[in-house]
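Hi everyone, thanks for coming. Let's put the structure up on the screen and walk through a few parts of it together.

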Amino acid sequence: MAAVTPLLSTRGLRRSFGGLKAVDHVDFDLPAGEIRAIIGPNGAGKTTFVSLICGRVLPSSGTVTFDGKDISGLQAHQRVRAGIAYTFQITSVFANLTAFDNVALSVQRRLLDGKDKSGALHDGVMDALQKVGLTGHANAVAGKLAYGHQRLLEVAMGLALKPRLLILDEPTQGLSDGEIANFIALVRDLSKETTILLIEHNMHVVMELAGRITVMEQGRILAEGTPEAIRADADVQRAYLGA
Ligand SMILES: Nc1ncnc2c1ncn2[C@@H]1O[C@H](COP(=O)(O)OP(=O)(O)O)[C@@H](O)[C@H]1O
Ligand SMILES: [Mg+2]
């Protein structure tokens with residue numbers, strides 16, 4: 001029984017802004033170990049949906065279950081402690097700190113939590129920066145990094161927490177082709193240890209990485225399936241891929 005319980009589930013999850021149903025009764029299951037991509041047109045509710053999962057936005061109704069526990073009532077920082085890390089579409093790095101110090105905040109958080117005392121701060125930071133390809137920028141002030149590099153820095157901050165679920169909201173925006181190739185390899189590597197929920201517009205990245213794809217449209221799940229099935233789905237082509 002326990003083996004089939006998804007790592008993450010939502011039931012009847014809803015969030016309205018005024019009269020707008022940004023997320024409209026979403027039932028969603030994510031098994032542990034999967035790389036799941038969420039795609040859909042701008043305004044489909046993707047960012048709001050993952051914001052509800054990590055507690056940055058509160059639901060109008062519905063539940064979020066993580067690792068078999070109802071976490072709907074937990075604050076965002078408590079969900080981080082439970083093992084949910086995320087990076088958002090709008091960069092939220094500390095602009096005046098160096099890349100090293102931004103990641104150090106995450107590593108410190110993990111060390112203080114006492115889950116993993118084996119890794120020293122410096123090693124933890126440099127390991128995370130190396131994974132995202134920013135070793136050479138460790139001492140750069142974060143706010144002066146290129147936009148795509150700030151996104152990668154956020155990914156480093158997220159993975160430095162060693163989360164059980166890593167949520168990435170359009171992480172490849174602003175990256176070069178070479179950096180995207182590096183990112184694809186990184187996510188594959190991370191997925192050996194972490195379940196990944198990836199909002200992504202770049203269909204090459206989606207098709208390369210996703211075990212399954214969830215398509216959102218107007219706050220609802222329009223379709224869900226393997227990359228092959230989604231590519232072949234006429235509704236999806238109409239709503240999104242053909243656009
Ligand atoms: N804080 C907010 N206040 C009002 N409307 C919002 C807010 N956040 C999102 N929305 C609206 O909710 C809808 C879904 O937005 P979003 O979740 O950002 O979509 P996506 O990430 O798929 O582009 C959009 O119409 C957006 O304008
Ligand atoms: Mg979004």
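Let's begin with the open sheet, which is built from four strands in the order β2-β1-β4-β5, with antiparallel pairing. Which strands sit at the edges? They are β2, residues 20-30, and β5, residues 69-70, and each of these pairs on one side only. Keep in mind as we go that this is a predicted model.

Now look at the β5 end. Strand β4 covers residues 61-66, and two bridges link β4 to β5 in the antiparallel sense. If you want a pair of residues to find there, take Phe66, which stands opposite Lys69 in β5.

Next, bring helix α1 into view, residues 46-54. Helix α1 packs on the sheet and touches β1 (8-17), β2 and β4. The direction of α1 makes about 120° with that of β1.

Is α1 mostly enclosed or mostly open? Eight of its nine residues are buried, so the helix is largely enclosed by the rest of the structure. Here, buried means under 20% relative accessible area. The buried residues of α1 include Phe49, Val50, Leu52 and Ile53, and also Lys46. Right after α1 comes Gly55, with a positive phi near 90°.

From a buried helix, let's go to the surface. Phe94, Leu97 and Leu105 make a nonpolar surface patch of about 240 Å². Of these residues, Leu105 lies in helix α3, which spans residues 99-113. Why does Leu105 count as partly exposed? Because its relative accessibility is 37%, and partly exposed covers what falls between under 20% and over 50%.

Last stop: a hairpin and a helix that meets it. Strands β9 (residues 212-217) and β10 (residues 220-225) pair in the antiparallel sense, with five bridges. Together β9 and β10 form a hairpin that has two residues between the strands. One residue to look for in that turn is Gln218, which has a positive phi of about 50°. Along the hairpin, Ile213 has Gly225 in β10 as its bridge partner.

Ile213 also leads us to the helix. Met207 belongs to helix α7, residues 203-209. What does Met207 contact, leaving aside neighbours within four places in sequence? The answer is Ile213, Pro227 and Arg231. Finally, a distance to try on your own screen: Met207 and Ala185 are 22 residues apart along the chain, and 13 Å separates their C-alpha atoms.

That's my tour, so thanks for listening!

Key: Residues numbered from 1 in each chain as written. Chains lettered and ligands numbered in written order. Predicted model: local features only at pLDDT ≥ 70, side-chain atom pairs only at ≥ 80, totals over all residues. Heavy atoms only, no water. Pairing = 2+ DSSP bridges. Contact = heavy atoms within 4.5 Å. Axes fitted to C-alpha atoms, helices over the stretch in contact; angles between N-to-C directions. Patch = residues over 30% accessible without salt bridge, like charges linked within 9 Å, V, L, I, M, F, W, Y side chains within 5 Å. Areas by Shrake-Rupley, 256 points an atom, 1.4 Å probe, with all protein chains shown as cover. Salt bridge = Lys/Arg side-chain N within 4 Å of Asp/Glu carboxyl O. Buried < 20%, exposed > 50% of the residue type's maximum accessible area, 1.4 Å probe, protein only.
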